[in-house]
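Biologist: I should like to go through the assignments for this structure one by one. Please set each value against the criterion behind it.

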Amino acid sequence: GTLSWLESPADVLAFARPGAGGEPVVVAVNLSGRSVPAPPGHPLLVSDPAAPAGTLPPDSAAWVRPPQ
């Protein structure tokens with residue numbers, strides 16, 4: 001499948017790609033030492049479920065269905 005790199009804060013990798021059903025999925029990985037805003041949309045999977053909503057803590061990742 002295809003992968004598109006997205007703009008993201010320093011030390012954060014973010015990309016979009018088609019999911020299993022063809023709908024887009026955004027993946028963001030925070031490699032920094034600070035929390036950053038999570039990608040907008042419906043969270044499908046988060047590596048730190050205790051994180052406050054809308055944030056991506058240090059050393060964590062999120063898979064998100066972006067808003068349509």
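Biologist: Why is L3 called partly exposed?

Modeller: L3 has a relative accessible area of 44%. Buried means under 20% relative accessible area, exposed means over 50%, and partly exposed lies in between, with a 1.4 Å probe and protein chains only; L3, at 44%, is therefore partly exposed. As to the source, this is a predicted model, in which local features need pLDDT of at least 70, side-chain atom pairs count only at pLDDT 80 or more, and totals for chains, interfaces and linings use all residues. Residues are numbered from 1 along each chain as its sequence is written, and side-chain values use heavy atoms, with hydrogens and water left out.

Biologist: What makes L3 part of a surface patch?

Modeller: Patches take residues with over 30% relative accessible area and no salt bridge (a side-chain nitrogen of Lys or Arg within 4 Å of a carboxyl oxygen of Asp or Glu). Nonpolar side chains (Val, Leu, Ile, Met, Phe, Trp, Tyr) are joined within 5 Å, and like charges within 9 Å. L3, W5, L13 and L31 form such a nonpolar patch, with about 450 Å² of accessible area together, by the Shrake-Rupley method with a 1.4 Å probe, where for residues only the protein chains shown count as cover.

Biologist: How do you know that strand 1 and strand 2 pair?

Modeller: Strands are DSSP runs (E, at least two residues), numbered from the N terminus, and two of them pair if DSSP finds at least two bridges between them. Strand 1 and strand 2 (residues 12–18) have 2 bridges in the antiparallel sense, so the criterion of at least two is met. In strand 2, A16 is the bridge partner of S4. The two strands form a hairpin with 6 residues between them, and D11 in the turn has a positive phi of about 65°.

Biologist: Which strands make up the open sheet, and in what order?

Modeller: The order is 1-2-3-7-5, with antiparallel pairing. Strand 1 and strand 5 (42–46) are the edge strands, as each pairs on one side only. Strand 2 and strand 3 (residues 24–30) pair over 7 bridges, while strand 3 and strand 7 pair over 5 bridges. The hairpin of strand 2 and strand 3 has 5 residues between the strands, and G22 there takes a positive phi near 90°.

Biologist: Why is strand 3 described as largely enclosed?

Modeller: 5 of the 7 residues of strand 3 are buried, so strand 3 is largely enclosed by the rest of the structure.

Biologist: Is A61 in strand 7 buried or exposed?

Modeller: A61 has 10% relative accessibility and therefore counts as buried. V29 stands opposite A61. Contact means heavy atoms within 4.5 Å; leaving aside neighbours within four places in sequence, the contacts of A61 include A28, V29 and L45.

Biologist: What makes up the largest nonpolar core?

Modeller: A nonpolar core is a set of buried Ala, Val, Leu, Ile, Met, Phe, Trp, Tyr and Cys residues joined through side-chain atoms within 4.5 Å. The largest has 7 residues: V12, A14, A28, V36, L56, A62 and V64. Strand 2 and strand 7 (60–65) each supply at least two residues of this core. Outside its neighbours within four places in sequence, V36 is in contact with residues including V12 and L56.

Note on methods: Helix = DSSP H or I, 4+ residues; strand = E, 2+ residues; numbered from the N terminus.
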